[in-house]
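Visitor: Please give me a close look at one part of this model, a pair of packed helices, and then put that part in its surroundings.

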Amino acid sequence: MTTDNLIPMVGVVTQIRRDTPDIKTFRVEKPEGGKCFDHMPGQCAMISIPGVGEAMFSITSSPTVQEYQEFSIKKCGHLTECLHAMDVGQQILIRGPFGKHFPVEGELLGKDLLFIAGGVGLAPLHSVIDYVLANRDKYGQVDVVYGSRSKDDLLDIDQIQNVWMDPKNRVDVHLTIDRPQEGWDGHVAFVPTYVEELGFDPHKTVLVCGPPIMIKFVLQALTKLGFTKEQIYTTMELRMKCGLGKCGRCNIGDKYVCKDGPVFRFDELSELPDEY
Amino acid sequence: MKKLLLSKLDEWLTTLSETQRIILPIKQTDQVNFGVYAPGAEVSLETLRTVKSAKDAFFPQVENMMNFRSEGKSISVETVPLEEEDFILIGVRGCDEKSFEILDRVFLSDPFDPFYAARRKHATIVTLACSRPDENCFCTNFGVDPTNPKGDVTSWIVDGTLYLTGNTEKGEALIASLEDANDEPVAAQQNKTREILEKLPFAHLDLNGFDGDHLMEKFSSSKWADLSEACLGCGTCTFVCPTCQCYDIRDYDTGRGVQRYRCWDSCMYSDFTLMAHGTNRPTQVERFRQRFMHKLVYFPSNNDGTYSCVGCGRCLVKCPQNLNIVKVIKALGGDRNDN
Amino acid sequence: MQRELMERIRALMDKGVADQVLAWKRGEFFYDTEPAILTKDELGEMVYDSFCGPNLSKYLIKEMPKIENKILALIKPCDSYSLNQLITEHRIDRDKVYVIGVGCKGKIDVDKIRAKGVSGITGVDENGDKITVHTLYGDTTLDRKDVLLGKCLFCKGKEHRIADETVGESEDTSEGSDRFEMVKKLEQMTPDERFSFWRKELSKCIRCNACRNVCPACSCVKCVFDNPNTGVQNKAAANEFEENLFHIIRAYHVAGRCTDCGECSRVCPQGIPLHLLNRKFISDINELYGTYQAGECAGQRHPLIDYTQEDSEPSIVHERGNNG
């Protein structure tokens, strides 16, 4: 890879799915069809609109999908507002893949996996879960705890209910929302509380992503249950510009999140300054 | 060794500039910065410290990287040709020369930066030895010998004469036409300068403990709040620093298309790590700490102990409120347990 | 004077007036003093001498929310204008500050000593009008007035415009200079000459924002140039005129509020005479609305936000604009 990687390729948005009031999932392909590049679960891409700006997004779709890549993006700033205003057929700029991925072909092989996600934090884990389902026999038990503010804020609920919850995929999905809501007969609790209630066996390997405050309390809950830092992976989000570990802004300690992350194991993170 | 009377310098530069661009210290309205030579320019080789360092020659403050054109829903990307022309960079002091090694570690490591690499490849570097170090110079702490810098050509100014010696083929060729000289005046000057260097107030800073092993200890020091108290959050230290290389990538709508350019950025700025949902360095204490931790701890931790400081002293001279890296080193350095 | 000042501060702290003082502290050399907030225990680090050039008043803004009782602040005569202006703008709560007006006989600019070719500076002796600079390369004697900070050459006088008490003597270092002399020169240039003057100066700008960040009148919580939502946020000149716009916009924004404290030019790493932009505004305001000095007292309304029947007609402004 060279910094030619600063120069993006053109991608075309071929499908836009509204997941929640503020999250849309964008399907991106090359103008001539096919996905823009290969990636592994947990890796990211820089997406930009000329004149608006560029930002790093995790790739939501599984590497096993050949035709396209998908990005679940929450509207929260200028660029994401512009992305949300796009129509199908719009071209965008994309470069990647960036960063280290979850060790799906390494340490995760054969393990019982516990995915814990909050809100749009499901986006990077979505890719891993789909990858695991596509290679189901390579992994042990799979649990997914996913929570959001309300039932309307659950990301890609169709896929969760129709695919992940399909008994043949052998996934235990535990959904929860923060507050009781009409039409919701599922669990109501914050994610960390639910994790503790569910009382998982501490031999599992955990992949967690969500708002920083959720991650913090999930970590406390898992510690209570007997998990160690070496068993827990997360993926981080910081301001990034180059994606190549050079522009400096995602630097924490002697790591660059874009290059040395965004996937970190908690024992690695605990050796770094608490600046994330 | 070759020599050239300084009074003949302009003549030599004029000849050289006919075939290659020359970048060297030039005075413009009272300030000396590296600039492109044109006959008649006020060359100021004797200036010990240019305001900005020589890094602009390889990593300019602003550079356009690509252009975009949008039509309907389509976008096209035009790349910008790399700068593939040979040029000569003259008057680089030992500290700035050392900074190139540090910048190389960033820009030429995988994945290498083609914009930087092109300029680097096409440069012939003529360094200039120091003979009158300032009281706030401290390059020797970082392995710099300012009396004998390297580059393609090394030069010394002794009593109105420029002495030059080639270190590479490219360098030898550049000075081949000049008159031969013996190196006694240079050696005498070097000895004198070395005596002064040894007596400088910051000749022996205690850098013990600035390494990856003490990362959390340095980071957690209670002294950062005091050290950064007067910091204005401006980017002066960053922009005059020869090793600061953080950059921003931005789009500029020219009205006829969009230019994507990169420009120097500063970790001292409040928006450096700002995202739509907030920033991980909310106050100037964290931003200030990041700059010095990066130079003194994070960078050496990733680069075999090489510090991202060359002791040029520009931040000491230019900080509006007199904060600087030496104050940080003195407050946090050494084998101490009172952090 | 430093000892007298320190004793007075200690006495005030002992009386419980305040437990902190905004002052200058010693650096690595005799000249690199640093603004600092010191407690009684840290008073030993305090310094007050000819190298305490920085205007401290703006630092009080940042301290306001933290102060429960009062803070002591060392304010030079020229800084007192900035302090008044910040009180006027409700950035500083007068009741939270105990102002010690410190005497000032002009501050020395070490850069000006260097500009005289003096390097390796290790010490200085001041003897009345002369200073002797000790260096690694021998001693040099200079006229004190030749190495004063630019702002001291246009000293506003020895009077503190705000102070709860004063310590030490002051001296007016302006020697009758006309601070609008250079403005007049610029006004007399042809538009092309003037444009070329400013292009030469402003093209040196490196967009470090030191001028803005040090400026007591630039006290916006979020500057338009830092706000990504404005579309003008930037930290480098994307085109070759951008740095000019930055300075012109800034000058407009502080017009009427700028006290001419000179900090912008003091801190500019490229030596751009930024204060001249502000002085042009001040000179125009004086001419159009009558002589006005921002920060002369707290609570003033400056002419650009105040209406009187005697105000110049806009047409007069318009015509002058055409001539200039």
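Guide: Let's begin with what touching means here: two residues are in contact if their C-beta atoms, placed from the backbone, lie within 7 Å. Helices (H or I, at least four residues) and strands (E, at least two) are DSSP runs, numbered from the N terminus. Please keep in mind that this is a predicted model, in which local features need pLDDT of at least 70 and side-chain atom pairs count only at pLDDT 80 or more, while totals for chains, interfaces and linings use all residues. Residues are numbered from 1 along each chain as its sequence is written, and chains are lettered from A and ligands numbered from 1 in the order in which they are written.

Now to the pair itself. From α8(C), the residues C:His247, C:Ala251 and C:Val254 meet C:Leu277, C:Asn278 and C:Phe281 of α10(C). By class, this contact has 4 nonpolar, 2 polar and no charged residues (Ala, Val, Leu, Ile, Met, Phe, Trp, Tyr, Cys and Pro count as nonpolar, Asp, Glu, Lys and Arg as charged, and the others, Gly among them, as polar). Helix α8 covers residues 242–254 of chain C and helix α10 covers 275–289; their axes come within 9 Å and cross at roughly 40 degrees. Axes are lines fitted to C-alpha atoms, for helices over the stretch in contact, and angles run from 0 to 180 degrees between N-to-C directions. The crossing angle makes α8(C) oblique to α10(C) (under 35 degrees is roughly parallel, over 145 roughly antiparallel, 65 to 115 roughly perpendicular, and the rest oblique). The crossing of α8(C) and α10(C) is right-handed, meaning that the near helix is turned clockwise from the far one by less than a right angle; anticlockwise would be left-handed.

Stepping back to the whole of chain C, the chain divides into domain 1 (1–107 + 155–177), domain 2 (110–147) and domain 3 (178–324), with bounds that come from an automatic or database domain assignment. Taken over C-alpha atoms, the centres of domain 2 and domain 3 of chain C are 33 Å apart.

Chain C also has an open antiparallel sheet of 3 strands, in the order β5-β6-β7 (two strands pair if DSSP finds at least two bridges between them). Its edge strands, each paired on one side only, are β5 and β7 (138–143) of chain C. From one strand to the next, the twist averages 20 degrees. β5(C) is joined by 6 bridges to the antiparallel strand β6 (residues 130–135) of chain C; in β6(C), C:Ile131 is the bridge partner of C:Glu126.

β5(C) turns up again where chain C touches chain B. That contact takes 35 residues from chain C and 39 residues from chain B. On the side of chain C, β2 (34–39), β5 (121–127), α6 (191–202) and α7 (210–214) give two or more residues, and β2(C) has the largest share, 4 residues. This side of chain C has 18 nonpolar, 9 polar and 8 charged residues.

Across that interface, chain B is assigned domain 1 (2–199) and domain 2 (212–332), whose C-alpha centres lie 24 Å apart. Their contact takes 32 residues from domain 1 of chain B and 27 residues from domain 2 of chain B. On the side of domain 1, β4 (62–71) and α2 (94–107) of chain B each supply at least two residues.

For a helix pair to set beside the one in chain C, turn to chain A. There, helix α4 (residues 191–198) and helix α5 (residues 212–225) pack at an angle of about 15 degrees with their axes 8 Å apart. α4(A) and α5(A) are therefore roughly parallel to each other, and their crossing is right-handed. Among the residues in the contact are A:Val191 and A:Pro192 of α4(A), and A:Phe217 and A:Leu225 of α5(A). By class, the contact of α4(A) with α5(A) has 9 nonpolar, 1 polar and 2 charged residues.

Chain A has a sheet to match against the one in chain C, too: an open sheet of 7 strands with mixed pairing, in the order β10-β9-β8-β7-β11-β12-β15. β10 (187–188) and β15 (263–265) of chain A are its edge strands. Within it, 7 bridges join strand β8 (residues 142–148) to strand β9 (residues 171–177) of chain A, which run parallel.
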